[in-house]
Amino acid sequence: MMNTTQKRRALTEFATNSKGRKLDPKDLLAHTDMQVDWETLHKLAGTSIVNPRQFDRETVVAIAQLAALLETRNVEMKKPLDGKIAITAFFEASTRTRLSFESAVLRLDGKVLSVPDGQVTGIAKGESLADIGEMFNTYGDVVIMRHPETESVEEIQKNLERPLINAGNGSGHHPTQALLDWYTLLKWRPELSDQSCPNDKKIHLGIVGTPGSMRAVKSFLRLSLMFVNAVSKITLVSEMADPVGLDLTEPIEESPIPIEITNDVQQVLPTLDVVYVNSIAFLGDSYRNLDSRYALDASSNLQPGAVIMHPLARNEELSEDLDESEHNLYFAQAAGAVFVRQAVLAAVLNRLDRISELC
């Protein structure tokens with residue numbers, strides 16, 4: 001019979017997605033010689049995570065390395081976040097992001113104060129986010145916030161002195177979603193983490209959506225532009241003539257990665273190694289879904305070995321008949337969320353030493 005430690009290891013190894021392509025974090029660790037760039041991670045101590053532009057390629061890889069370590073090791077017994085309180089303040093609906101953050105905290109033995117609905121706060125009575133930020137200073141050690149207004153990050157930081165992790169701000173950014181997206185890609189193809197990625201491992205990345213008004217897509221594209229030695233080309237597929245938006249115009253113009261824009265998904269699909277699709281765009285004060293002509297299903301002309309990513313929740317743009325296929329990387333993507341968010345929290349709350357002791 002297995003002892004308690006062996007049972008814990010077994011649970012850690014097999015706690016993964018039920019359908020689609022399954023990824024082994026040990027592949028990424030082995031490719032990077034079982035090393036974690038602790039020096040880079042320590043620079044995140046006490047910082048707020050609000051925009052992907054504050055990262056570089058080395059930081060993204062270091063977070064992925066730590067996430068892979070957390071996914072393969074039982075660190076709960078060391079209680080890395082013992083004594084720390086995370087406030088999850090969600091003024092906008094969320095399933096995966098809120099629960100994965102809360103799971104990340106609790107599994108590392110931290111505690112959670114949760115605001116699952118902004119209407120149960122003083123916001124309903126007209127209280128400002130700046131005043132709420134002042135209150136949060138005495139209630140917790142880190143604030144994880146989602147809000148429908150793009151300006152919400154700046155507003156709450158007027159008085160908030162605790163680190164803030166942006167879990168989505170209107171049409172702004174969703175930095176930890178982009179980190180877990182790239183964690184998924186680096187587990188899928190570890191060579192993408194190399195300073196000099198072999199040519200046969202580089203990817204043609206397709207993004208179906210409108211980065212300028214889709215925060216998850218915008219943040220993913222922003223990080224993707226950092227992997228100049230791993231991404232051979234980026235193709236944006238959108239119904240809009242200018243899908244990029246002001247935030248991305250300059251980094252796209254400065255990037256050496258060839259970038260093209262098209263509205264014909266069927267023509268470009270057979271050339272793509274990775275297809276990142278999202279349906280929901282935030283336009284002004286409302287949400288809008290992708291046109292049905294951009295929908296993917298089992299009959300779509302995907303090349304063999306190509307993978308599909310999606311931040312979820314999905315609508316008609318991604319058929320369930322792809323779930324059982326090897327093209328499905330989106331369930332593995334969601335399965336890695338807890339470990340990436342554990343890595344970010346441990347770094348921001350300066351508790352990396354409790355994890356590095358296990359290495």
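**Exercise 1. A nonpolar surface patch**

Identify the residues that make the nonpolar surface patch of about 280 Å² in this predicted model, and determine the exposure class of Y139.

*Solution.* Step 1: the patch of about 280 Å² is made by L113, M135 and Y139. Step 2: Y139 is found in helix 6, which covers residues 129-139. Step 3: the partly exposed class lies between 20% and 50% relative accessible area. Y139 has a relative accessibility of 44% and therefore counts as partly exposed.

**Exercise 2. The order of an open sheet**

Establish the strand order of the four-stranded open sheet, and state which strands stand at its edges.

*Solution.* Step 1: begin with the pairing of strand 1 (residues 85-90) and strand 2 (residues 111-115), which run parallel and are joined by five bridges. Within this pair, A89 stands opposite V115 of strand 2. The path from strand 1 to strand 2 passes through helix 5 (residues 96-107), and this β-α-β crossover is right-handed.

Step 2: turn to strand 3 (residues 142-147), which pairs with strand 4 in the parallel sense over four bridges. Here M145 has N166, in strand 4, as its bridge partner.

Step 3: assemble the sheet. The order is 2-1-3-4, with parallel pairing. Strand 2 and strand 4 (164-169) each have a single partner strand and stand at the edges, so one side of each has no neighbour in the sheet. From one strand to the next, the twist averages 10°.

**Exercise 3. Salt bridges and their surroundings**

For the salt bridges R57 with E58, E92 with R215, and K233 with E260, describe the distance between the atoms and the exposure of the partners.

*Solution.* Step 1: the count of salt bridges comes to nine; the criterion is a side-chain nitrogen of Lys or Arg within 4 Å of a carboxyl oxygen of Asp or Glu.

Step 2: in the pair R57 and E58, the closest N and O atoms are 3.7 Å apart. R57 has a relative accessibility of 12% and so counts as buried, whereas E58, at 34%, counts as partly exposed.

Step 3: E92 and R215 form a salt bridge with their closest N and O atoms 3.2 Å apart. This pair links distant parts of the chain, 123 residues apart: E92 belongs to the loop between strand 1 and helix 5, and R215 to helix 9. Both E92 and R215 are buried. The setting of R215 can be extended to its helix: helix 9 (residues 215-224) is mostly covered, with 10 of its 10 residues buried. Among the buried residues of helix 9 are R215, K218 and R222, together with F220 and L221.

Step 4: the side chains of K233 and E260 meet at 3.4 Å, N to O. K233 lies in strand 6 (residues 231-237) and E260 in strand 7 (residues 259-262), so this salt bridge ties together parts that are 27 residues apart in sequence. K233 is partly exposed, with a relative accessible area of 27%, and E260 is also partly exposed, at 31%.

**Exercise 4. Separation in sequence and in space**

Locate S18, classify its exposure, and compare its separation from E324 in sequence and in space.

*Solution.* Step 1: S18 is placed in the loop between helix 1 (4-14) and helix 2 (25-31). Step 2: the exposed class requires over 50% relative accessible area; S18 has 65% relative accessibility and therefore counts as exposed. Step 3: 306 residues separate S18 from E324 in sequence, while their C-alpha atoms are 9.1 Å apart in space.

Terms used:
Residues numbered from 1 in each chain as written. Predicted model: local features only at pLDDT ≥ 70, side-chain atom pairs only at ≥ 80, totals over all residues. Heavy atoms only, no water. Pairing = 2+ DSSP bridges. Helix = DSSP H or I, 4+ residues; strand = E, 2+ residues; numbered from the N terminus. Right-handed = clockwise from strand over helix to strand, strands pointing away. Patch = residues over 30% accessible without salt bridge, like charges linked within 9 Å, V, L, I, M, F, W, Y side chains within 5 Å. Areas by Shrake-Rupley, 256 points an atom, 1.4 Å probe, with all protein chains shown as cover. Buried < 20%, exposed > 50% of the residue type's maximum accessible area, 1.4 Å probe, protein only. Axes fitted to C-alpha atoms, helices over the stretch in contact; angles between N-to-C directions.
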